[in-house]
Amino acid sequence: MLGTQRRPACFARWAQQLEKITDVAAELNARHDVIIIGAGPAGLASALYLARYRRDILVLHDGKSRALRIPLTHNAPGFPEGVRGPELIARMTRHAVQYGAAIEEARVVRIKSVSDGFRLGLEDGSTRSGRAVIFATGIELNQVDLPDAVHEAAIRAGVLRYCPVCDGYEHQGKRIGVIGCDSNGAAEALFLRQYSDDITLMPLNHPELSPAQMQELSASGVSVETGALLALEPGQDRISVRLEGRALLEFDVIYPALGCRPRSALPEQLGIALTESGCVGAACVADSGTPGALAAGDIVEGLDQISVAMGHGAVAATKVHNWLREQDQESLQADA
């Protein structure tokens, strides 16, 4: 019967190809005003401001915001009882979406300048387009060597911390250990000295401190224990450290000072200059040297704090909004 005849296989293949072509065309035509890469405090603050500027924006993120790992912070203004990182991000996400921000979980692996803005390539092979872009990709910490589950449990228990600016206040009078083999570790130990008289620096088996620096630590009351790190043993209310050739050391909290890796590969693809530490310069919040591309948050050289990231987000969003207004001749053009 005519109604039961099958379509040729070549027709089915042609239909599939046409569907792919249609999807690609729709993708290319969906050019957003601004694409924000990152959904931490910086990216979400940018999204909120741009949404309220009535911009068509898309937030792309890979679900790896460092703020999601914060068990409780007391450094976020407006939360005197403290706030959990996931709760803060959830609140900021709802706030931005309420005003029209679109948020998509996807990993951006490529970016290039095109005639009408920027083309972003995603890990799944698809692309997104925007007239402007804000990098809010943050940093990755160099962590101590622990299994992931043990590491995250130690953070939740409060015996492992990575930010003395954020958490030093909560460890007043505690036994504090700092792991770090260069001047960064020494500087962190001295910073924490204002909170406790019991500070121990463990520069491990590669100490890079000068005799003068060692003398400064001693004069400040900071103990130094050397030796290769054999094991970290986190508990619910303390953490033990085993160093080669040393007796077991116990602390209320350990602060690793092992540096970080800025997630700056994408701005580097656009030719935006990086600092010696791999961040983008502080000026990139307002002017990166690449028209239409700005940055916000921990990827920017400076103080890695939630409040700073939010401020960066507001500045970058306003700068890029006004830049788009200039491109569209919506700002005052005539001379006085």
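**From an exposed loop to a lined pocket**

Glu 81 sits in the loop between strand 2 (57–61) and helix 3, and the model in which this loop is seen is a predicted one. With a relative accessible area of 65%, Glu 81 is exposed, because exposed here means over 50%. If neighbours within four places in sequence are left aside, Glu 81 is in contact with Leu 72 and His 74. Tyr 53, on the other hand, lies 28 residues from Glu 81 along the chain, and the C-alpha atoms of these two residues are separated by 32 Å.

Arg 128 offers another setting, since its place is in strand 6, which covers residues 127–135. The relative accessibility of Arg 128 is 16%, and it therefore counts as buried, the limit for that class being under 20%. The side chain of Arg 128 is joined to that of Ser 126 by a polar contact of 3.2 Å.

From these single residues the reader can turn to the second largest pocket, which holds about 200 Å³ of space. Its lining is made up of Leu 44, Ala 45, Leu 48, Tyr 49, Arg 91, Met 92, His 95, Met 310 and Ala 314. Helix 2 (41–52), helix 3 (85–98) and helix 9 (306–327) each supply at least two residues of this lining, and helix 2 gives the most to it, with four residues. Sorted by class, the lining of the second largest pocket has seven nonpolar residues, one polar residue and one charged residue.

Key: Residues are numbered from 1 along each chain as its sequence is written. This is a predicted model: local features need pLDDT of at least 70, side-chain atom pairs count only at pLDDT 80 or more; totals for chains, interfaces and linings use all residues. Side-chain values use heavy atoms; hydrogens and water are left out. On a 1 Å grid over the protein atoms alone, a cavity is a set of points where a 1.4 Å probe fits but cannot get out, and a pocket is an open set with protein on both sides within 12 Å along at least five of seven lines; lining residues have an atom within 4 Å of a point. Grid points are joined across faces, edges and corners, and a volume is the space filled by probe spheres set on the points. Ala, Val, Leu, Ile, Met, Phe, Trp, Tyr, Cys and Pro count as nonpolar, Asp, Glu, Lys and Arg as charged, and the others, Gly among them, as polar. Buried means under 20% relative accessible area, exposed over 50%, partly exposed in between (1.4 Å probe, protein chains only). A polar contact is a pair of N or O atoms within 3.5 Å; within protein, one must be able to donate a hydrogen and the other to accept it, and residues adjacent in sequence count only if both atoms are side-chain atoms. Contact means heavy atoms within 4.5 Å.
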